[in-house]
Amino acid sequence: MADFEIWWMDERAQIRLKPVDPAYLVEDFDRWVAHENSVAAAQWRQRARGAGGEA
């Protein structure tokens, strides 16, 4: 069983799920989130920078 984070993509009225375990992420997730223009992606990049990660 995998745990998920809820992503709300503001330009579409949908809820999207992101696996918490990086082993379940698509291979190009980091590249995708770097270019995605959404509130959820911006927050992810901000959290990654705050945690010392690359974004």
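What follows is a friendly exchange between two people about a predicted model of a protein chain.

Colleague: Let's begin with the overall layout. In what pattern do the helices and strands follow one another along the sequence?

Modeller: The protein chain of this predicted model holds 2 helices and 2 strands. Read along the sequence, these elements give the pattern β-β-α-α.

Colleague: How much of the chain counts as buried?

Modeller: Buried here means under 20% relative accessible area. The accessible surface of the protein chain comes to about 4500 Å², with 51% of that area belonging to carbon and sulfur atoms. Of the 55 residues, the share that counts as buried is 22%.

Colleague: And the contacts with a separation of 6 or more: what share comes from residues 24 or more positions apart?

Modeller: A contact needs heavy atoms within 4.5 Å. Among the contacts in the protein chain with a separation of 6 or more, residues 24 or more positions apart account for 32%.

Colleague: Now the interior, please. Which residues make up the largest nonpolar core?

Modeller: Happy to go there! This core has 5 residues in all, and the elements that give two or more residues to it are α1 (29-35) and α2. Its members are Trp7, Phe29, Val33, Ala40 and Ala41.

Colleague: Which residues does Val33 touch, not counting those up to four places away in sequence?

Modeller: Val33 belongs to the largest nonpolar core, as do Trp7 and Ala41. Both of those appear again on the contact list of Val33, which reads Trp7, Ala41, Trp44 and Arg45.

Colleague: Val39 caught my eye as well. How far apart are the C-alpha atoms of Val39 and Trp7?

Modeller: Val39 lies in helix α2, and its relative accessible area of 40% makes Val39 partly exposed. Along the chain, Val39 and Trp7 are 32 residues apart, while their C-alpha atoms are separated by 9.2 Å.

Colleague: Over to the charged side chains. Which residues are joined into one network by salt bridges that share partners?

Modeller: The structure holds 3 salt bridges. In one of them Glu5 pairs with Lys18, the closest N and O atoms being 3.3 Å apart. Glu5 also forms a salt bridge with Arg47, where the closest N and O atoms are 3.7 Å apart. Salt bridges that share partners thus give one network of Glu5, Lys18 and Arg47.

Colleague: How many residues apart in sequence are the parts that the pair Glu5 and Arg47 ties together?

Modeller: Glu5 is partly exposed at 27% relative accessibility, and Arg47 is partly exposed at 47%. Because Glu5 lies in strand β1 and Arg47 in helix α2 (residues 39-50), the pair ties together parts whose separation in sequence is 42 residues.

Colleague: Is Lys18 buried or exposed?

Modeller: Lys18 is found in strand β2. Leaving aside neighbours within four places in sequence, Lys18 is in contact with Asp3, Phe4, Glu5, Trp7, Leu25, Phe29 and Trp44. The cut-off for burial is under 20% relative accessible area. Lys18 has 5% relative accessibility, so Lys18 counts as buried.

Colleague: What is the N to O distance in the salt bridge between Arg31 and Asp28?

Modeller: Arg31 counts as exposed at 56% relative accessibility, whereas Asp28 counts as partly exposed at 32%. Side chains of opposite charge can pair when their charged atoms come close. For Arg31 and Asp28, the salt bridge has an N to O distance of 3.9 Å.

Colleague: One more topic, the surface. Which residues form the nonpolar patch there?

Modeller: Together, the residues of this patch have about 460 Å² of accessible area. The elements that give two or more residues to the patch are β1 (4-9) and β2 (14-19). The residues are Phe4, Ile6, Ile15 and Leu17.

Colleague: And what is the relative accessibility of Ile6?

Modeller: Ile6 lies in strand β1 and is part of the nonpolar patch. Exposed means over 50% relative accessible area. Ile6 counts as exposed because its relative accessibility is 65%.

Notes. Residues numbered from 1 in each chain as written. Predicted model: local features only at pLDDT ≥ 70, side-chain atom pairs only at ≥ 80, totals over all residues. Heavy atoms only, no water. Patch = residues over 30% accessible without salt bridge, like charges linked within 9 Å, V, L, I, M, F, W, Y side chains within 5 Å. Areas by Shrake-Rupley, 256 points an atom, 1.4 Å probe, with all protein chains shown as cover. Salt bridge = Lys/Arg side-chain N within 4 Å of Asp/Glu carboxyl O. Helix = DSSP H or I, 4+ residues; strand = E, 2+ residues; numbered from the N terminus. Buried < 20%, exposed > 50% of the residue type's maximum accessible area, 1.4 Å probe, protein only. Core = buried A, V, L, I, M, F, W, Y, C linked by side-chain atoms within 4.5 Å.
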